[in-house]
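Here is a protein model to look over together. Some labels will come up along the way, and each one gets a "why" or a "how do you know".

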Amino acid sequence: MRVAVVLLATCATLASAYFNTHQWGDRSGIVHLFEWKWNDIANECENFLAPRGFAGVQVSPPTENAVIGGSFGRPWWERYQPMSYGLTTRSGNEAQFADMVRRCNAVGVRVYVDLVFNHMADLVGGGGTGGSTANRQSFSYPGVPFSQLDFNAPCLITNYQDPIMIRNCQLGALPDLNQGVPWVRDKIVELLNKLIAFGVAGFRVDAVKHMWPGDLQAIFSRMNDLPTSHGFPAGSRPFITQEVIDLGGEAVTRDEYTHLGTVTEFRHSAEIGRVFRGRNPFRHLTNWGTGWGFLPSHLALVFIDNHDNQRGHGAGGSDVLTHKIPRNYKMATAFMLAHPFGIVRIMSSFSFTDSEQGPPQDANENLISPTFNADNSCGGGWVCEHRWRQIYNMVGFRNAVAGTQINDWWDNGNYQMAFCRGGRGFIAFNLESFDLNQNLQTCLPPGTYCDVISGDLVNGACTGNTVTVGGDGRAQIVIPANAYDGVLAIHANARV
């Protein structure tokens, strides 16, 4: 009995550890630098993310993928078709990956790796980014190596009410690995521990609903502790977030995986899009979070959009907001960052006109680095939402109000609202066709504050609009219906 109790306690400790993001205490927010090169991410950690208070970066899959042609050049989704577990992609090689992780950790930006081990590439001719070849018909992937013995028998998912089919059959035509096979587990664990040794803080695991929870638990339990040489306390376990698309109504649910780590909360993405598209009034946001059917805050990785659903893939449909509707998108992102719910992730995209289109690439199909404009925004085909002032300054807002909850909520019953975060910050929104002009409680000490949406605090002065807070903490809050941004935010660290 005593041994059983000790084992249960050990398992509980290991499982609970997978929820720790290992972010520095004065930082928040993960940014997904989708399809960036490793050297460019390292530079971004040092030159922009760390100075602006970002806590982490999610990077594209680093494992060798199939080289796939298309009408727009190589498509984005080739990164999700592994050829081997070698670390050579268009983003860079193994040495460049290791250097990126080291440099980001050194400035306090944690690295989370997007990882694919549900399946291998559905290869139709050609090879991989590291020179590997494969024979899809015979399920031969010598770069790992995997053979037919390592895959589930070929079958297609035709019924999402059948959990066995969902987990044992092919996602599309992708050869489905059997994570119950000891050799498959060994190779996956070997990959995870190699990345951990480089200093990554954790993983975003792709296509989790298509794998059995028991198999994943067996794999995760064999991960090494994070290395103290990269600034992690002794005994630290990797952070895990799992892609489980669950809007309700399917046989496989997100709740089957929450004992293993956090889960991507797609309901948050769909619902916040509905609200800030004007399809659900702001007054309903007073119980945002579990009151809306979301996972508990510490289990939910939340986002406005991700690399799939911004293209119409995955969950959310027409409710999902993207950078293509910038005013509403910035408002939704500001709300997400101002609200204490969840572990937040910001999307950083490239421009596309077709859902298959890959990242900016030259005539030889090499990735093109983003360029940067004087206002911090990106060029060269990159959108870089994380470099929009209205978004990166809200990361600063979130850091300034850390440890507080929402208080002094106000709304007009429809599409105007405002609230405080303790005595540290205040934010207001207007999505109406008429002006917001109200005397509201900001909960801040008296003084003049910079609206961090319209500008910055630079050398003791505001480059954008200001808000004057009186001795009673109240201020006249004005957001015209035709304002460039439909949101205003002030906080304790933006006081003149």
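## Asking why

Q: What makes residues 28–398 worth marking out as a unit?
A: An unreviewed UniProt entry annotates residues 28–398 as "domain: Glycosyl hydrolase family 13 catalytic". That label comes from the record, and such annotations may be inferred rather than shown by experiment. The structure you're looking at is a predicted model. In it, the end C-alpha atoms of residues 28–398 lie 7 Å apart, and the span is 25% helix and 11% strand.

Q: Why is Lys330 called buried?
A: Buried means under 20% relative accessible area. Lys330 has 6%, so Lys330 counts as buried. You'll find Lys330 in helix H8 (residues 326–338).

Q: Which residues does Lys330 touch, leaving out those up to four places away in sequence?
A: Lys330 touches Trp388, Gln390, Tyr484 and Asp485. A contact here needs heavy atoms within 4.5 Å.

Q: And why does Ser369 get the label partly exposed?
A: The label covers what falls between buried, under 20%, and exposed, over 50%. Ser369 has 24% relative accessibility, so Ser369 is partly exposed. Look for Ser369 in the loop between E8 and strand E9 (371–372).

Q: How do you know that Ser369 and Lys37 meet in space?
A: Ser369 is in contact with Lys37, and also with Asp40 and Trp382, once neighbours within four places in sequence are set aside. Ser369 and Lys37 are 332 residues apart along the chain, yet their C-alpha atoms are separated by 7.2 Å.

Q: How do you know how helix H3 compares with its expected span?
A: The expected span is 1.5 Å times one less than the number of residues. Helix H3 (residues 94–106) has 13 residues. From first C-alpha to last, H3 reaches 18 Å, close to the expected 18 Å.

Q: Which residues of H3 are buried, and what do they pack against?
A: The buried ones are Phe97, Met100, Val101, Arg103, Cys104 and Asn105. Their packing partners are helix H2 (38–49), strand E2 (54–59), strand E3 (110–115) and helix H5 (182–198). A handy bit of background: an α-helix has 3.6 residues a turn, so residues three or four places apart point the same way.

Q: What makes an empty space a cavity, and how many are there of 30 Å³ or more?
A: In a cavity, a 1.4 Å probe fits but cannot get out. The structure holds one of 30 Å³ or more. The largest cavity has a volume of about 40 Å³. Its lining is made of Ile30, Gln58, Tyr112, Phe203, Arg204, Phe239, Thr241 and Leu301. Strand E4 (202–205) and strand E5 (239–242) are the elements that give two or more residues to this lining.

Q: How does the lining of the largest cavity divide by class?
A: There are five nonpolar, two polar and one charged. Arg counts as charged, and Arg204 is among the lining residues.

Q: What is the volume of the largest pocket, and what lines it?
A: Unlike a cavity, a pocket is an open set of points. The largest pocket has a volume of about 530 Å³. It is lined by 20 residues, and Trp76, Leu171, Leu174, Asp206 and Asp308 lie nearest its centre. The lining has eight nonpolar, six polar and six charged residues.

Q: What about the second largest pocket?
A: Its volume is about 400 Å³. Of the 19 residues lining the second largest pocket, Gln23, Arg27, Ser28, Gly342 and Arg398 are closest to its centre. Strand E1 (28–33), strand E8 (343–348) and helix H9 (389–400) each supply at least two lining residues. By class, this lining has five nonpolar, 10 polar and four charged residues.

Q: How do you know that the peptide bond from Val144 to Pro145 is cis?
A: Its omega is near 0°. Pro145 sits in the loop between E3 and helix H4 (163–168).

Q: What is notable about phi of Phe139, and is Phe139 buried or exposed?
A: Phi of Phe139 is near 55°, a positive value in a residue other than glycine. Phe139 is in the loop between E3 and H4. With a relative accessible area of 6%, against a cut-off of 20%, Phe139 is buried.

How values were computed. Residues numbered from 1 in each chain as written. Predicted model: local features only at pLDDT ≥ 70, side-chain atom pairs only at ≥ 80, totals over all residues. Heavy atoms only, no water. Helix = DSSP H or I, 4+ residues; strand = E, 2+ residues; numbered from the N terminus. Buried < 20%, exposed > 50% of the residue type's maximum accessible area, 1.4 Å probe, protein only. 1 Å grid on protein atoms, 1.4 Å probe; cavity = no way out; pocket = protein on both sides within 12 Å on 5 of 7 lines; lining within 4 Å. Points joined across faces, edges and corners; volume = space filled by probe spheres on them.
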